[in-house]
Amino acid sequence: MKLSSLQSRVVMLAAGIATLAQLSAPGLYERIEKLAATLVAAIRVSLKAEKIPGHVNAIGSLATLFFTPEPVTNYGDAKKSDTKRYTQYFRNMLERGVFLAPSQFEASFVSVAHTEPDIAFAIKSAQESLHKIATS
């Protein structure tokens, strides 16, 4: 069924209004940020436990893992990170069903669609992936 131009605009407007209603739900952003903080904290603990030099830069629901012994505060710092190790991490996570940005210079994020079980799965996958890197 083909929609007219006016019908298409009405559908887009309705979708936009429904999206805004979802995004204005009380506690939504707090929930997302809490899930992200849980994930970030677990990755930091795993890096330390596996003795892998790395830092997770995070704000709100966004995070990026850098394989470097020094904190990353700018692009120059980021360029010093071990991108080959990130490639290993990316592939290990992908093998476990977690799709990350393929470049270390992109952020990962927790979204409205993610649940506590999703985050638990990502944490377990990150722990396994970092362990595999540490022992290879």
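This is a short dialogue on reading helices, salt bridges and the nonpolar core in a predicted model.

Reader: Let's start with the charged side chains. What makes two of them a pair?

Author: Side chains of opposite charge can pair when their charged atoms come close. A salt bridge here needs a Lys or Arg nitrogen within 4 Å of a carboxyl oxygen of Asp or Glu.

Reader: How many salt bridges does the count come to by this rule?

Author: The count comes to 3. Take Glu95 and Lys132, where N and O sit 3.4 Å apart. Glu95 belongs to helix α4 (residues 83-95) and Lys132 to helix α5 (residues 116-134), so this pair ties together parts that are 37 residues apart in sequence.

Reader: Are Glu95 and Lys132 buried or exposed?

Author: Glu95 is exposed, with a relative accessible area of 57%. Lys132 counts as partly exposed, at 37%.

Reader: Which side chain meets Arg96 in a salt bridge?

Author: That's Glu128, with N to O at 3.0 Å. This pair also links distant parts of the chain: Arg96 is in the loop between α4 and β3 (108-109), while Glu128 is in helix α5, 32 residues apart. Arg96 is partly exposed at 22% relative accessibility, and Glu128 is partly exposed at 31%.

Reader: With which other residue does Glu128 form a salt bridge?

Author: With Lys124, and the closest N and O atoms there are 2.7 Å apart. Glu128 and Lys124 both lie in helix α5, 4 residues apart, which is about one turn of the helix. Put the pieces together and you get a network of salt bridges linking Arg96, Lys124 and Glu128.

Reader: Now helices. What span should α4 have?

Author: You work with 1.5 Å a residue, multiplied by one less than the number of residues. For the 13 residues of α4 that gives 18 Å, and the end C-alpha atoms are 18 Å apart, so the two agree. Try α5 too: its 19 residues should span 27 Å, and its end C-alpha atoms are 27 Å apart, which agrees.

Reader: Which residues of α4 are buried?

Author: They are Tyr86, Tyr89, Phe90, Asn92 and Met93. These residues cover an arc of only 165° around the axis, which puts them on the same side of α4. Turn the helix round, and the face away from that buried side carries the exposed residues Lys84, Arg91 and Glu95.

Reader: What do the buried residues of α4 pack against?

Author: They pack against α2 (28-49), β2 (62-66) and α5.

Reader: And what is found at the two ends of α4?

Author: At the N-terminal end, Asp82 is the cap: one of its side-chain oxygens lies 3.2 Å from the backbone nitrogen of Lys84. After the helix comes Gly97, with a positive phi near 90°.

Reader: Can we do α5 as well? Which of its residues are buried?

Author: Ile119, Ala122, Ile123, Ser125, Ala126, Ser129, Leu130 and Ile133 are the buried ones. Among the elements that cover them are α2 and α4.

Reader: Several of those names are nonpolar. What's the general idea?

Author: In soluble globular proteins, nonpolar side chains tend to be buried together. In this model, the largest nonpolar core has 27 residues, and Ile43, Leu47, Phe67, Tyr89 and Leu130 touch the most other members. At least two residues of this core come from each of α2, β2, α4 and α5. The largest share, 9 residues, is from α2.

Reader: What is Leu47 in contact with, leaving aside its neighbours within four places in sequence?

Author: Leu47 is in contact with Ile52, Gly54, His55, Val56, Leu65, Phe67 and Leu130.

Reader: One more residue, then. Where is Thr68 found?

Author: In the loop between β2 and α3 (75-79). Thr68 counts as buried because its relative accessible area is 5%, and the cut-off for buried is under 20%. Not counting residues up to four places away in sequence, Thr68 touches Pro53, Gly54, His55 and Ser81.

Reader: How would I compare separation in sequence with separation in space?

Author: Pick two residues, such as Ala42 and Arg91. They are 49 residues apart in sequence and 19 Å apart in space, C-alpha to C-alpha. Ala42 is found in helix α2 and is buried, with a relative accessible area of 16%.

Conventions
Residues numbered from 1 in each chain as written. Predicted model: local features only at pLDDT ≥ 70, side-chain atom pairs only at ≥ 80, totals over all residues. Heavy atoms only, no water. Buried < 20%, exposed > 50% of the residue type's maximum accessible area, 1.4 Å probe, protein only. Arc of directions from axis to C-beta. Contact = heavy atoms within 4.5 Å. Polar contact = N/O pair within 3.5 Å; in protein donor to acceptor, adjacent residues only side chain to side chain. Core = buried A, V, L, I, M, F, W, Y, C linked by side-chain atoms within 4.5 Å.
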